[in-house]
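Dear colleague,

Please find below the structure I am handing over to you. My notes on what was found in it follow directly after.

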Amino acid sequence: MEEKKIGQIREELKRTEDGMLSAFTERYGSDSRAGVQKLVEQANGRLSRLSVERERIEGLKVYEREYESCGYVCGIDEAGRGPLAGPVVAGAVILPAIFCISMTRKSFRRRSGRNCMR
C-alpha cells in the first residue's frame with residue numbers, strides 16, 4: 001500500500017473529530033517522517049487541551065451536583081453596562097441533566113490583549 005503524502009495526512013487531521021484523535025495518533029505515531037510526527041504532536045496537543053477543558057467543565061458543575069435532587073437547575077447571566085451606563089440584557093436557560101457544554105468561556109474575557117466587548 002502506498003503511504004499517504006504529508007499534505008493528505010494534514011487534511012485528515014483537520015477533518016478528524018475530537019473523539020477520533022486517539023485513533024489518528026495510533027495510526028500515524030509510528031511514521032518516521034518529521035512532518036507526520038509534527039502532525040501527531042498537534043493531535044496530542046488537541047487531546048491534552050480537550051482533557052483540560054473536560055476537567056474545567058466538571059469544576060463548573062458544582063451547583064448542578066448540589067441541586068440535582070431538585071429536578072431542575074436554571075443558569076442565568078446578564079450582559080451590558082448596567083442601569084446607569086446603558087441597557088442590560090438578562091437570560092436564563094434550563095438544559096437537560098445529560099447536556100454537555102464544552103469550550104465555553106465568558107464573552108468578556110480578553111483575547112490577544114484586547115477586550116472583546118466594545
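I begin with one residue, E58, which is partly exposed at a relative accessible area of 39%; here buried means under 20% relative accessible area, exposed means over 50%, and partly exposed lies in between (1.4 Å probe, protein chains only). Please note that this is a predicted model, in which local features need pLDDT of at least 70 and side-chain atom pairs count only at pLDDT 80 or more, while totals for chains, interfaces and linings use all residues. Residues are numbered from 1 along each chain as its sequence is written, and side-chain values use heavy atoms, with hydrogens and water left out.

E58 takes part in salt bridges, a term that denotes a side-chain nitrogen of Lys or Arg within 4 Å of a carboxyl oxygen of Asp or Glu. One partner of E58 is K61, with the closest N and O atoms 3.2 Å apart; K61 is partly exposed, at 24% relative accessibility. E58 also meets R65 in a salt bridge, with an N to O distance of 3.3 Å. R65 counts as partly exposed, its relative accessibility being 42%. Elsewhere, E3, D31 and R33 are joined into one network by salt bridges that share partners.

A further salt bridge links the side chains of K4 and E12, at 2.7 Å from N to O. In this pair K4 is partly exposed, with a relative accessible area of 37%, whereas E12 counts as buried at 11%. By the rule stated above, the count of salt bridges comes to nine.

Turning to the overall fold, the protein has four helices and two strands, where helices (H or I, at least four residues) and strands (E, at least two) are DSSP runs numbered from the N terminus. Along the sequence, these elements follow the pattern α-α-α-α-β-β.

Of the 118 residues in the protein, 14% are buried. The exposed area is about 9,800 Å², and carbon and sulfur atoms supply 55% of it; accessible areas come from the Shrake-Rupley method with a 1.4 Å probe, and for residues only the protein chains shown count as cover. As for contacts (heavy atoms within 4.5 Å), 40% of those between residues at least 6 apart in sequence join residues at least 24 apart.

Yours sincerely
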